[in-house]
Amino acid sequence: MAESIDANDVQNVTQDENNVLIDVRERDELEETGFVPGAEHYPMSSIDSALPSLDKDKKYYVMCRSGKRSAQVQNYLLDNGYDAVNVEGGILGYDGPVNHL
């Protein structure tokens, strides 16, 4: 079974330089709800083109609105040889600080 964490544990993720938090929502969604500080934006619609820029030595924590799209991207990353963790609950389940575009 693929690994997952609760959305409220995501702030601890970015404290380790070997972890990367990615938000796979589209830009308009980020504008609407904000995003977790430190998250990198790779929209699900263009994740294919982002693969070459990702480092297989890093662990990717994948976040979306509720956790469904991030689970799909997590499986895609796992299938392509990346270490990926789904952030369950997504931004809707996250109670911490957010940045806005």
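These are my notebook entries on a predicted model of one protein.

**Entry 1: the overall layout**

I began by listing the secondary structure. The protein has 4 helices and 5 strands. Reading from the N terminus, I get the order β-α-β-α-β-α-β-α-β. Next I looked up the radius of gyration, which is 12 Å, close to the 13 Å that the globule rule gives for 101 residues, so the protein is as compact as a globular protein of that length. I also noted the box filled by the C-alpha atoms, roughly 30 × 25 × 25 Å along the principal axes.

Then I turned to burial and surface. Of the 101 residues, 42% are buried. The protein exposes about 5,500 Å², and carbon and sulfur atoms supply 43% of that area. I looked up contacts too: among those with a separation of 6 or more, 67% are between residues 24 or more positions apart.

**Entry 2: the sheet**

In what order do the strands lie in the sheet? I read it off as β1-β5-β4-β2-β3, an open sheet of 5 strands with parallel pairing. The edge strands are β1 and β3, each of which pairs on one side only.

**Entry 3: strand β2**

I picked β2, residues 19-23, for a longer look. Is this strand mostly buried or exposed? I found 5 of its 5 residues buried, so β2 is largely enclosed by the rest of the structure.

I checked which way the side chains go. In a regular strand the side chains alternate between the two faces of the sheet. Here Asn19, Leu21 and Asp23 point one way, while Val20 and Ile22 point the other way.

For the partners of β2, I went through the bridges. With β4 (residues 59-63), β2 pairs in the parallel sense over 5 bridges. One detail I wrote down is that Val20 has Tyr60 as its bridge partner in β4. With β3 (residues 40-41), β2 also runs parallel, joined by 2 bridges. There, Asp23 stands opposite His41.

**Entry 4: salt bridges**

I had Asp23 on the page already, so I went on to charged pairs. Side chains of opposite charge can pair when their charged atoms come close. How many salt bridges are there? The count comes to 4, and I looked at some of them one by one.

Asp23 forms a salt bridge with Arg25, and their closest N and O atoms are 2.8 Å apart. I looked up the exposure of both partners. Asp23 has a relative accessible area of 1%, so Asp23 is buried. Arg25 is buried as well, with a relative accessible area of 1%.

Arg69 and Glu29 meet in another salt bridge, at 2.7 Å from N to O. This pair links distant parts of the chain, with Arg69 in helix α4 (residues 68-79) and Glu29 in helix α2 (residues 27-33), 40 residues apart. Arg69 is partly exposed at 25% relative accessible area. Glu29 sits at 17% relative accessibility; buried means under 20%, so Glu29 counts as buried.

Glu3 and Lys59 form a salt bridge too, with 3.4 Å between the closest N and O atoms. They also link distant parts of the chain: Glu3 lies in the segment before β1 (4-6) and Lys59 lies in β4, 56 residues apart. I noted Glu3 as partly exposed, with a relative accessible area of 39%.

**Entry 5: the nonpolar cores**

Which residues have the most contacts inside the largest nonpolar core? My list is Ile22, Leu54, Tyr60, Val62 and Leu77, in a core of 15 residues. The elements that give two or more residues to this core are β2, α3 (47-50), β4 and α4.

I followed Leu54 a bit further. Leaving aside its neighbours within four places in sequence, Leu54 is in contact with Tyr42, Tyr60, Leu77 and Tyr82. Apart from the largest core lies another one of 13 residues, and Ile5, Val10, Val36 and Ala39 are among them.

**Entry 6: a loop residue**

Last, I looked at Pro52, which lies in the loop between α3 and β4. Is Pro52 buried or exposed? Its relative accessible area is 71%, so Pro52 is exposed. I also checked its distance to Ser4: the two are 48 residues apart in sequence and 24 Å apart in space, C-alpha to C-alpha.

Notes: Residues numbered from 1 in each chain as written. Predicted model: local features only at pLDDT ≥ 70, side-chain atom pairs only at ≥ 80, totals over all residues. Heavy atoms only, no water. Buried < 20%, exposed > 50% of the residue type's maximum accessible area, 1.4 Å probe, protein only. Pairing = 2+ DSSP bridges. Salt bridge = Lys/Arg side-chain N within 4 Å of Asp/Glu carboxyl O. Rg over C-alpha atoms; globule rule 2.2 N^0.38 Å. Contact = heavy atoms within 4.5 Å. Areas by Shrake-Rupley, 256 points an atom, 1.4 Å probe, with all protein chains shown as cover. Core = buried A, V, L, I, M, F, W, Y, C linked by side-chain atoms within 4.5 Å.
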